[in-house]
Amino acid sequence: MLVNNPPRTPPILKKRERNVSSSDPCPNGKKCAALPGVDPNDERVPLLLERVRETGLVSSYAAELEEISSATAEDQLEWVVQFTHNVIRLDTSTSGFIVEVLKLPWKLTESDMLQKAYQNFVVALVTAHNIHCKAVFSHLFGLLLPDTSMGAEMNEADQLLLVNPQLVPKSTMQVTQCSIEAIVMIHAKVPLSERTLLREASNARPYYKRHPHLLLIYCKCLLILSSRIPSLRKTFLEMIVERLVDIDANCPREPADGSDDENEEEEVFKMDVDEELSQSQNSLIDVQRKARLDWILNNPLMHSLDVLMDAMVLYIHCTVHDVPFSLDRNINIEELRILGCLPGSVKLAPNLEADQDSHDSSTDTSHKQQLTLGCACGGEKHNLMSLKRLYHDLVGVFTRIVLPTHSSGHVQFFMFYVLSIKPSLTRIFLDTLRTDSFMGNGVALDVKKNALAYIGSLMVRGKFVPISTTLSCLEVIVSWCHEYINSQEKQGTNNYMNLALHEKFYCACQTIFYVFSFRCLEFTKSEKMLDHVRRLNLERLVFSKLNPLAVCRYQIVKNFAAITRHFQLAYCYAIIESNRRNTLPVCMHASDGSDVRASAYGSSLDMAFPFDPYQLLHSAPYFEAHYQHFPGLPEYISMDAEERILEKEETEDEDDFLDHSYPSDSYPKISSFMECQDSPTAERKTLKRIFP
């Protein structure tokens with residue numbers, strides 16, 4: 001019996017035969033972009049590569065490199081096409097030649113065809129021989145760094161870019177776009193090149209003291225790459241934030257304007273402007289630009305950090321609203337204006353309590369704050385999937401880089417902005433800080449302290465944080481403090497005031513005092529809210545043997561004592577008086593470098609709240625609408641505190657020298673909260689005058 005066997009199919013693993021000629025630009029069956037035509041009679045490149053492979057000497061190809069350098073864009077296009085056509089010959093033996101070819105001054109800005117051919121060449125080169133991956137990526141990331149200089153070597157163009165780093169010359173735009181496209185294409189065709197790509201991107205980062213325009217362009221290029229290659233976005237963001245932290249750590253807390261007398265400087269500046277106005281309008285512009293340039297030269301790091309934070313916030317806003325991020329800031333602003341939601345815009349919640357408060361004459365309405373609901377679109381034009389992915393990446397970057405950084409001044413505000421445009425993420429972020437950082441196992445003490453500082457500062461400074469979220473988070477921290485006191489009372493051995501042993505507990509108490517004092521009107525606006533506060537049992541923290549009032553910042557303690565005394569929640573003045581009598585006047589240095597007097601027993605808690613008023617000028621408007629300044633305590637509370645201080649001074653003259661151990665101006669990081677209200681500094685007024 002005959003059986004008809006089906007035709008035998010070839011094995012799956014059998015390699016199919018394929019003729020690979022030397023003219024195939026993309027071996028291994030991979031497709032490349034369409035290349036311009038090749039002259040088959042042109043043997044210059046094959047002969048050149050044969051000499052290079054045989055000798056390997058620079059002298060064997062020096063003449064050709066010189067010819068390519070001096071050639072026109074059309075002639076360079078022919079060379080690039082020939083190199084791409086013979087890419088199979090560019091193996092390991094030609095590594096030195098490849099490095100020299102990549103360094104050549106290619107006229108990419110003069111021909112779009114040359115840009116396309118150059119992209120195809122580098123992609124085909126890495127696809128055919130991944131041994132050249134490092135050299136290619138190093139060169140491509142080097143193209144993202146425009147040629148600028150600082151100091152005495154600055155020319156007029158460099159000065160213009162220093163005053164306005166957002167300007168992007170057409171040549172810079174063309175070269176960076178070409179390089180970014182090539183990097184994206186290589187990553188898509190050669191996935192194993194990812195590690196080399198990231199390493200070269202990190203190595204190419206400019207030094208933090210370089211020209212602001214250079215820092216800004218490279219930062220924006222990495223942000224564009226993070227959008228084009230989403231799998232690498234978190235790593236690119238880490239590179240950017242690391243450089244921002246470097247600048248912020250070396251940035252002075254207050255700008256230097258080169259003058260000690262502000263009024264004198266105003267008069268001189270005005271006189272100069274008036275004299276120039278009498279000559280011509282162009283001269284006035286030159287004077288203003290000169291004043292602006294002088295300020296930038298005196299504060300280069302603050303200027304660099306300002307423009308970089310501007311780019312970071314704009315990238316976040318564009319990503320959330322599904323707008324492609326661009327090197328040109330004006331393009332993004334125009335697209336967002338058409339969309340109807342500019343960065344820094346705000347949507348306010350309806351003030352439902354306004355009518356009730358207007359009929360209640362006993363309620364102080366001057367300190368009311370209105371809740372914000374995000375940016376102007378209210379979340380209607382958000383791409384929720386993009387927002388979710390961006391939030392997770394930014395939280396990872398924040399936890400790894402920003403959170404362990406002590407006393408950071410401005411970088412952390414990128415997280416503030418993300419939460420401000422989507423307030424529903426605030427509770428998630430607070431829970432992450434509390435569970436993973438503050439209460440997490442194996443977390444360093446400094447990270448726990450910083451987590452508490454971020455929790456407290458965010459709850460009081462964000463207009464988008466409702467009082468319900470603040471109260472629930474405060475209840476968890478207070479509950480932890482009560483459990484800590486219970487454990488110390490059971491042990492008995494360490495149940496006494498000691499900053500070294502109980503620093504975590506004292507940071508938690510200072511956060512509680514800070515939040516309650518800042519938002520006291522909301523905590524005490526009704527009898528129901530007062531019942532919630534009474535159930536917190538803050539009096540037990542005050543009278544604990546651990547004595548948190550002794551080590552917390554005195555300005556916070558002073559406001560907390562006045563508020564709790566007025567509403568009969570706790571009586572702190574007896575503890576404060578006892579602590580004063582045991583205080584040793586020891587001078588210490590705060591984390592910001594200023595001298596402060598020690599608190600009770602010669603100890604003082606060094607804890608800075610990170611969302612204190614933002615000092616950078618150009619990027620400040622992005623946060624202003626969502627930021628809560630401290631307007632000062634109500635008069636009926638502050639008057640009680642003043643009367644108590646006057647009474648103490650009249651009855652206890654012998655303790656006058658102890659009162660000076662707590663000067664009101666010795667805590668610069670929180671003085672804005674402790675004084676009557678937040679107000680712009682003299683330096684910021686000077687900035688507004690120089691930057692109209």
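Contact here means heavy atoms within 4.5 Å. Keep that in mind, because the word "contact" always carries that cut-off today.

This is a predicted model: local features need pLDDT of at least 70, side-chain atom pairs count only at pLDDT 80 or more, and totals for chains, interfaces and linings use all residues. Residues are numbered from 1 along each chain as its sequence is written, and side-chain values use heavy atoms, with hydrogens and water left out.

Let's start with Phe414. Set aside neighbours within four places in sequence. Phe414 is then in contact with Val241, Met309, Met312, Ile316, Leu394, Phe398 and Val402.

Now the overview. The chain has 32 helices and two strands. Those are DSSP runs, numbered from the N terminus: helices are H or I, at least four residues, and strands are E, at least two. The chain has 692 residues, and 53% of them are buried. Buried means under 20% relative accessible area, exposed means over 50%, and partly exposed is in between, with a 1.4 Å probe and protein chains only. Take the contacts between residues at least 6 apart in sequence. Of these, 78% join residues at least 24 apart.

Next, the core. A nonpolar core is a set of buried Ala, Val, Leu, Ile, Met, Phe, Trp, Tyr and Cys residues joined through side-chain atoms within 4.5 Å. The largest one holds 195 residues. Which residues touch the most other members? They are Phe97, Phe141, Ile316 and Phe414. Helix α14, residues 300-320, gives the largest share of this core, with 13 residues. Domain 1 (43-204) and domain 2 (422-585 + 602-612) both contribute residues, so the core lies between them. The domain bounds come from an automatic or database domain assignment. Another core lies apart from this one. That core has six residues, including Met154, Leu293, Trp295 and Ile296.

On to helix packing. Axes are lines fitted to C-alpha atoms, for helices over the stretch in contact, and angles run from 0 to 180 degrees between N-to-C directions. Angles under 35 degrees count as roughly parallel, over 145 as roughly antiparallel, 65 to 115 as roughly perpendicular, and the rest as oblique. A crossing is left-handed if the near helix is turned anticlockwise from the far one by less than a right angle, and right-handed if clockwise.

First pair: α10 and α14. Helix α10 covers residues 212-228. The two axes come within 9 Å and cross at roughly 20°. So α10 and α14 are roughly parallel. The crossing is right-handed. From α10, the residues in contact include Leu215, Leu216, Cys219 and Leu223. From α14, they include Val307, Leu308, Ala311 and Met312.

Second pair: α6, residues 133-142, and α9, residues 194-203. Their axes are 9 Å apart, at an angle of about 40°. That makes α6 oblique to α9. This crossing is right-handed. On the α6 side, the contact is made by Cys133, Lys134, Phe137, Ser138 and Phe141. On the α9 side, it is Thr196, Leu197, Glu200 and Ala201. Phe141 was also on the list of core residues that touch the most other members.

Third pair: α3, residues 73-85, and α5, residues 112-128. The axes come within 9 Å and cross at roughly 25°. That makes α3 roughly parallel to α5. Here the crossing is left-handed.

Now some loops. Leu104 sits in the loop between α4 (95-103) and α5. Is Leu104 buried or exposed? Buried, at 11% relative accessibility. Beyond four places in sequence, Leu104 is in contact with Leu65, Ile68 and Ser69.

His406 and Ser407 are both in the loop between α17 (384-402) and α18 (413-421). His406 is partly exposed, at 37%. The C-alpha atoms of His406 and Met607 are separated by 8.8 Å, though the two are 201 residues apart along the chain. Ser407 is buried, at 13%.

Backbone angles, briefly. Most residues other than glycine have a negative phi. Ser407 has a positive phi of about 60°. Asn547 also has a positive phi, near 55°. Asn547 is in the loop between α25 (538-542) and α26 (554-566), and is buried at 10% relative accessibility.

Last one: Gln488, in helix α21, residues 467-491. Gln488 is buried, with a relative accessible area of 7%. Leaving out residues up to four places away, Gln488 touches Asn494, Asn495, His502 and Leu546.
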